[in-house]
Amino acid sequence: MDNRGIRILLAEDMHMVRGALVALLELEPDLEVVAVVDRGDLIVPTALECRPDVAIMDVDLPNMDGLTAAEMLHDQLPACRTLIMTGLGRPGLLRRAMAARVSGFLLKDSPAEGLAQAVREVAAGRRVINPQIAMSAWDIGENPLSEREIEVLGMAAQGDEPREIAAKLHLSIGTVRNYLTTTVVKLNARNRIDAVRIATEAGWLS
């Protein structure tokens, strides 16, 4: 951070949202947007060039998601703090964000004045997390599924039928069906589709 204030890199692929965020941030005398990108794969090279204090990024970006970019940025430019913004308030996203070592996690529908303050907080080395999402993540508990169950459910989530999963994993169809039935029971889901939804929202399926 220098005498120009907090230097910010903004990564957002929606043009109108990007413009609004830049305008909002530059209303603050101590904040300066030094770079704007619209793709996730541009975050790290741009940050290495302009050396921002804080990178604000959406989760869903073309070419590379924001959490992957945040993890890479932490490894290559650890002095740059990362603030994730998302319209999806899923607790699982927060868990992934924490694993990616982000400094802050905000919902896009948070009050406008909260963004500037969140930037100041993470720039100062503090962590900022939407409290509602934090409580939801706390309530979820540990993942009850085994690695194999996650693998099978993840393939089912991508549209693979039990026969296809069995062939790819070199298992019998009966074994695959047993795994899928077990995941439904463990997650207290209504069916396989509901199990996929529960596991995705909890962050157990990427």
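**View 1. D58 sits buried in this predicted model, at a relative accessible area of just 7%.** This is a predicted model, so read every distance and angle here as coming from the prediction. Because the cut-off for buried is under 20% relative accessible area, D58 makes the grade at 7%. The residue belongs to strand 3, which covers residues 54–58. UniProt, in an unreviewed entry, lists D58 under "modified residue: 4-aspartylphosphate". So who keeps D58 company, once neighbours within four places in sequence are set aside? Its contacts are A11, E12, D13, G66, M85, T86 and K108.

**View 2. Helix 3 has a buried side.** Helix 3 runs over residues 66–76, and its buried residues are G66, L67, A69, A70 and L73. Looking down the axis of helix 3, these buried residues fall within an arc of 155 degrees, so they line one face of the helix. One of them, G66, is also on the contact list of D58 from the previous view. At the N-terminal end, helix 3 is capped by D65. A side-chain oxygen of D65 lies 3.0 Å from the backbone nitrogen of L67.

**View 3. The largest nonpolar core of the chain has 24 residues.** Which residues have the most contacts inside this core? They are L9, A11, I43, M57, L73, I84 and V102. Strand 1 (6–11), strand 2 (31–37), helix 2 (43–50), strand 3 and helix 3 each supply at least two residues of the core. As a bit of background, nonpolar side chains tend to be buried together in soluble globular proteins.

**View 4. Zooming in on I84, one of the core residues with the most contacts.** Leaving out residues up to four places away in sequence, I84 touches M57, V59, G66, L67, A70, V102, G104, F105 and L106. M57 and V102 on that list are themselves among the residues with the most contacts inside the core. G66, L67 and A70 are partners of I84 too, and those three are buried residues of helix 3.

**View 5. A156 is tucked into helix 7.** Helix 7 spans residues 147–157, and A156 lies in it. A156 is buried, with a relative accessible area of 13%. Which residues touch A156, apart from its neighbours within four places in sequence? I165, L180 and R192 do. A156 and V196 are 40 residues apart along the chain, yet their C-alpha atoms are separated by 8.1 Å.

**View 6. E149 is a buried residue with a polar partner.** Like A156, E149 is found in helix 7. It counts as buried, at 6% relative accessibility. What joins the side chains of E149 and K186? A polar contact of 3.0 Å does. Skipping neighbours within four places in sequence, E149 is in contact with P144, Y179, T182, T183 and K186.

**View 7. Helix 10 tucks several residues away under cover.** D194, A195, V196, I198 and A199 are the buried residues in helix 10. Which helices help to cover them? The cover includes helix 7 and helix 9. N191 caps the N-terminal end of helix 10, with a side-chain oxygen 3.2 Å from the backbone nitrogen of I193. Following helix 10 comes G203, whose phi is positive, near 85 degrees.

**View 8. Two loop residues, H170 and N188, have positive phi.** H170 is not a glycine, but its phi is positive, at about 60 degrees. It is found in the loop between helix 8 (162–169) and helix 9 (173–186). Is H170 buried or exposed? At 74% relative accessibility, H170 counts as exposed. N188 is not a glycine either, and its phi is positive at about 55 degrees. The loop that holds N188 lies between helix 9 and helix 10 (192–201). N188 is exposed, with a relative accessible area of 70%.

**View 9. Stepping back to the whole chain.** The chain has 10 helices and 6 strands. Of its 206 residues, 45% count as buried. Among contacts with a separation of 6 or more, 64% come from residues 24 or more positions apart. The chain exposes about 10,700 Å², and carbon and sulfur atoms supply 52% of that area.

Methods. Residues numbered from 1 in each chain as written. Predicted model: local features only at pLDDT ≥ 70, side-chain atom pairs only at ≥ 80, totals over all residues. Heavy atoms only, no water. Helix = DSSP H or I, 4+ residues; strand = E, 2+ residues; numbered from the N terminus. Buried < 20%, exposed > 50% of the residue type's maximum accessible area, 1.4 Å probe, protein only. Contact = heavy atoms within 4.5 Å. Areas by Shrake-Rupley, 256 points an atom, 1.4 Å probe, with all protein chains shown as cover. UniProt positions renumbered as here; feature names shortened; annotations may be inferred. Arc of directions from axis to C-beta. Polar contact = N/O pair within 3.5 Å; in protein donor to acceptor, adjacent residues only side chain to side chain. Core = buried A, V, L, I, M, F, W, Y, C linked by side-chain atoms within 4.5 Å.
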